[in-house]
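Visitor: I have a model open beside my bench notes. Could you walk me through it, one question at a time?

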Amino acid sequence: MMDDETIAQRGAGTPRPVLRRIGPDDDRQMREWLIEKILPLERAYLAHEEPWRQSGFSGTREGWDACRRPVAECLHRGGAFLDIGCANGYLLESVIGWKRAEGMAIEPFGLEAGHKLADRARRRLPQFADNIRSGNAWDWAPPRRYDFVRTELAYVPPVLRKRYLGRLIDEFLAPGGSLLVAEYRSRNQPYRVPWCDVALRRWGFVVTLVRSGLWEGRELTRVAVVEKGDGGIAIAAESANHFSEGASRKTILPISSP
Ligand SMILES: C[S@@+](CC[C@H](N)C(=O)[O-])C[C@H]1O[C@@H](n2cnc3c(N)ncnc32)[C@H](O)[C@@H]1O
């Protein structure tokens, strides 16, 4: 795995923010995060029958559609789509169907920390079973590159998030590919906590598209897109408070790095 300075220096040739170096504690923090926050999800998801609940969505099928279609809206063409944290594969199945209805062919790939969930995903998508792997996204070595990669910040501890995203862009995405950073909220979460796109800009990534999912009048999903471009990572020279949260929504912004 590359360190942050290497990642930050790649790409567009503009001055880059210097990112934090890998610390000796990082792998330990990741292990603890996985044990405390991530692995317990599997049992909770599999306690339910409905496929959307086995993917962590606690609502109705209609709510699922409203809160997950924004992911599909960020796929502007067909191609290889890796869903990191694919759970039982229901998002992959949904995205394939939604995009097929628009005439786009999505080749699905999944990575999931929970072995039983990964098994469910393989059974849900038997024709793509070989594309679905078990592993921790933090240190998983991708066997190929993908046109689209979806993740969530919550998959790694806060101090590792910026570097995690840099590695996804650098090592998982094909040239010209897009990283989709999704954030899902419940109705009980406080309104004022900043969404994922705010964190991305603060870290210096150039967010090119933001999509929201509303259910019963409240925004419960946000998906922020960072494009790799052909020249490397889309990361701004100045970290990014030049776009206000409101102004960026549903707006395509130019990548400032060539
Ligand atoms: C909310 S579900 C997402 C399901 C579906 N992809 C979606 O977007 O609706 C999150 C899933 O991510 C998995 N996950 C969390 N952290 C992970 C990590 N570091 N590596 C691999 N999978 C992870 C969890 O086990 C869980 O099944």
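Visitor: Is Glu216 buried or exposed?
Guide: Happy to start there, with the reminder that this is a predicted model. Glu216 sits in the loop between β6 and β7. It has 9 other C-beta atoms within 10 Å, and a residue with 12 or fewer counts as exposed. So Glu216 is exposed.

Visitor: What is the phi of Glu216?
Guide: Most residues other than glycine have a negative phi. Glu216 is a residue other than glycine, yet its phi is positive, near 50°.

Visitor: Ala87 is not a glycine either, so is it buried or exposed, given its count of C-beta atoms within 10 Å?
Guide: Ala87 has a positive phi of about 50°, and its place is in the loop between β1 and α4. The cut-off for a buried residue is 20 or more other C-beta atoms within 10 Å. Ala87 has 28 of them, so it is buried.

Visitor: Which residues are closest to the ligand?
Guide: The ligand has 23 residues around it. By class, 14 of the shell residues are nonpolar, five are polar and four are charged. The closest are Gly56, Gly85, Ala87, Ala113 and Tyr155.

Visitor: Which element gives the largest share of the shell around the ligand?
Guide: Three elements give two or more residues each: α2 (26-46), β1 (79-84) and β2 (106-112). The largest share is three residues, and they come from α2.

Visitor: What span should α2 have at 1.5 Å a residue?
Guide: Helix α2 has 21 residues. The expected span is 1.5 Å times one less than the number of residues. The end C-alpha atoms of α2 are 30 Å apart, which agrees with the expected 30 Å.

Visitor: Where is the kink in α2 centred?
Guide: The buried residues of α2 are covered in part by α5, and among those buried are Met30, Glu42 and Tyr45. The kink in α2 is about 40°, and its centre is Leu34.

Visitor: Is Arg31 buried or exposed?
Guide: Arg31 belongs to helix α2. Its C-alpha atom lies 9.8 Å from that of Trp138, a residue 107 places away along the chain. With 12 other C-beta atoms within 10 Å, Arg31 is exposed.

Visitor: Which elements do the buried residues of α5 pack against?
Guide: In α5 (residues 115-124), the buried residues are Leu117, Ala118, Arg120, Ala121, Arg122 and Arg124. They pack against α2, α4, β2 and β3 (132-134).

Visitor: At which residue does the kink in α3 lie?
Guide: Helix α3 (residues 61-73) has 13 residues and reaches 18 Å from its first C-alpha to its last, close to the 18 Å expected. Its kink is about 30° and comes shortly before the proline Pro70. The kink lies at Cys67.

Visitor: What do the buried residues of α3 pack against?
Guide: Buried in α3 are Trp64, Cys67, Arg68, Pro70, Val71 and Ala72. An α-helix has 3.6 residues a turn, so residues three or four places apart point the same way. The partners of these buried residues are α4 (90-101), β4 (146-152), β5 (173-184), β6 (207-215) and β7 (218-227).

Visitor: How many bridges join β4 to β5?
Guide: Strand β4 is mostly covered, with six of its seven residues buried. It runs parallel to β1, joined by three bridges, and Phe81 stands opposite Phe148 in β4. On the β5 pairing, Tyr146 stands opposite Leu173 in β5. Those two strands also run parallel, and the bridges between β4 and β5 number six.

Visitor: Which residues does Trp140 touch, leaving out those up to four places away in sequence?
Guide: Trp140 is in the loop between β3 and β4, and it is partly exposed because it has 16 other C-beta atoms within 10 Å. Its C-alpha is 8.9 Å from that of Leu111, which is 29 residues away in sequence. The residues Trp140 touches are Leu111 and Gly135.

Visitor: To finish, what percentage of the residues in the protein is buried?
Guide: The protein has eight helices and seven strands. Of its contacts between residues at least 6 apart in sequence, 70% join residues at least 24 apart. Among the 258 residues, the buried share is 40%.

Notes:
Residues numbered from 1 in each chain as written. Predicted model: local features only at pLDDT ≥ 70, side-chain atom pairs only at ≥ 80, totals over all residues. Helix = DSSP H or I, 4+ residues; strand = E, 2+ residues; numbered from the N terminus. Contact = placed C-beta atoms within 7 Å. Near = placed C-beta within 6 Å. Nonpolar A, V, L, I, M, F, W, Y, C, P; charged D, E, K, R; others polar. Bend = angle between axes of the 7 residues up to and from the residue. Pairing = 2+ DSSP bridges.
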